[in-house]
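I opened a fresh page for this chain and kept the entries in the order in which I looked things up.

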Amino acid sequence: MNTTKLLSAAFLGALFPLAVAAECLPTQDCKALGYTDAACPEQGVKCPFGNEWFCVGDKNKSNLECQIGWIYYTDNTCSNDVISGKKPLGIVVYTYGAAGGGQIIAANKTNKGIAWSTEQTNVPGLTTSSTAQHIINDRESCLNTKIITSYGDQSKYPAAWAAKEYTPGDAPETKGKWCLPAAGVLHSIANNLTTINNAVNKIGGDAIGGDNLSQERFWSSTGHLSSRYGWAFINPSGYDVTGLGGLERSGTYSAYVRPVFEY
């Protein structure tokens, strides 16, 4: 036996006791690495430590992969069909593409006949135009809503405040996070109306677009160049291909509120 090697090993062990007993420990938890679900209905990738999954099956996608017309749930997942046991929060109506995330719309309309504003004043900071084609690239739903509600109270800007205060029964924790949709988001809805309504129908919501124009108008948070009007969604099959039209802010044609949620 080589006593020199044994003595060397003993000597090194005495000098570096931690090196002998060291073990590899994870430096991040599974959620920090993007794993969110404890199980997947179909295929998925399991976190190397812990019991979390990154689901990649057709029935359950991560929210980076949500598509327009998919159902979005209160657990921040989405699917192209109803998943039993999950609570729908709304329908995906706009996505940010490679950047991830998007916006969903509430399954039901609310606040029938509410005014956009009770005063004839333009709100500083909003994207503004009198032409629908000029404002269909505005998707800043929540930024617009914040600008409006910071500028005036509920008595002056009831539509934006109604969106901000919206609270779905299945997700009270989302109160204060809902917004009045920007014109570009409403334009996306007009372009994908059938797909979106198919999903709305699956979860028992109110279809977008009634039998006549007065049944389905809901406000945008995008500004109108004229302080007399506000932009609203108008049933595109009966009015304009952009899906948008200018309505008197507090006139006879006051509209619904149909809030959106950014994920």
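**Backbone entries**

I began with Asn111, which I placed in strand S7, running over residues 110–114. Since the model is a predicted one, I treat the angles here as values computed from its coordinates. For Asn111 I noted a phi near 55 degrees, which is positive in a residue other than glycine. Most residues other than glycine have a negative phi. I then looked up how far Asn111 is covered, and because its relative accessibility is 33%, Asn111 counts as partly exposed.

I made a second entry of this kind for Asn76, where phi is positive at about 65 degrees although the residue is not a glycine. Asn76 sits in the loop that runs between strand S3 (71–73) and strand S4 (78–79). Its relative accessibility is 42%, so Asn76 also goes down as partly exposed.

**Confidence and overall make-up**

I counted seven helices and 15 strands in the chain, and of its 263 residues 43% are buried. Among the contacts with a separation of 6 or more, 57% join residues 24 or more positions apart.

The mean pLDDT of the chain is 82, with 75% of the residues at 70 or more. I looked up the extremes as well: confidence is lowest in helix H2 (residues 17–21), with a mean of 46, and highest in strand S9 (residues 178–179), at 98. The pLDDT is below 50 over residues 15–22, a stretch with one contact in the model beyond near neighbours in sequence. Over residues 57–64 the pLDDT also stays under 50, yet the model has 32 contacts for this stretch beyond four places in sequence. I leave the details of both stretches aside, because predicted coordinates should not be read in detail where pLDDT is low.

**Arg258 and helix H6**

Is Arg258 buried or exposed? I found Arg258 in the loop between strand S14 (255–257) and strand S15 (260–262), and because its relative accessibility is 0%, Arg258 counts as buried. A polar atom of the Arg258 side chain lies 2.8 Å from the backbone oxygen of Ala107, and the backbone oxygen of Ala106 lies 3.2 Å from a polar atom of that side chain. Leaving out residues up to four places away in sequence, Arg258 touches a set that includes Ile105, Lys109, Pro181, Val200, Asp206, Glu216 and Phe218.

For helix H6 (residues 183–191) I noted that eight of the nine residues are buried, so the helix is largely enclosed by the rest of the structure. Among the buried residues of H6 are Val185, Leu186, His187 and Ile189.

**Pocket and cavity**

I looked up the largest pocket next, which holds about 150 Å³ of space. Its lining is made up of Pro88, Leu89, Gly90, Ala107, Asn108, Tyr166, Pro168, Gly169, Asp170, Ile203, Gly204 and Gly205, and by class I recorded six nonpolar, five polar and one charged residues there. Ala107 and Asn108 appear both in this lining and among the residues that Arg258 touches.

The structure has two cavities of 30 Å³ or more, and the second largest cavity has a volume of about 30 Å³. Asn122, Val123, Leu126, Thr128, Gly223, His224 and Arg249 line this second largest cavity, which by class gives two nonpolar, four polar and one charged residues.

Note on methods: Residues are numbered from 1 along each chain as its sequence is written. This is a predicted model: local features need pLDDT of at least 70, side-chain atom pairs count only at pLDDT 80 or more; totals for chains, interfaces and linings use all residues. Side-chain values use heavy atoms; hydrogens and water are left out. On a 1 Å grid over the protein atoms alone, a cavity is a set of points where a 1.4 Å probe fits but cannot get out, and a pocket is an open set with protein on both sides within 12 Å along at least five of seven lines; lining residues have an atom within 4 Å of a point. Grid points are joined across faces, edges and corners, and a volume is the space filled by probe spheres set on the points. Ala, Val, Leu, Ile, Met, Phe, Trp, Tyr, Cys and Pro count as nonpolar, Asp, Glu, Lys and Arg as charged, and the others, Gly among them, as polar. Helices (H or I, at least four residues) and strands (E, at least two) are DSSP runs, numbered from the N terminus. Buried means under 20% relative accessible area, exposed over 50%, partly exposed in between (1.4 Å probe, protein chains only). pLDDT is the predictor's confidence in each residue, from 0 to 100. Contact means heavy atoms within 4.5 Å. A polar contact is a pair of N or O atoms within 3.5 Å; within protein, one must be able to donate a hydrogen and the other to accept it, and residues adjacent in sequence count only if both atoms are side-chain atoms.
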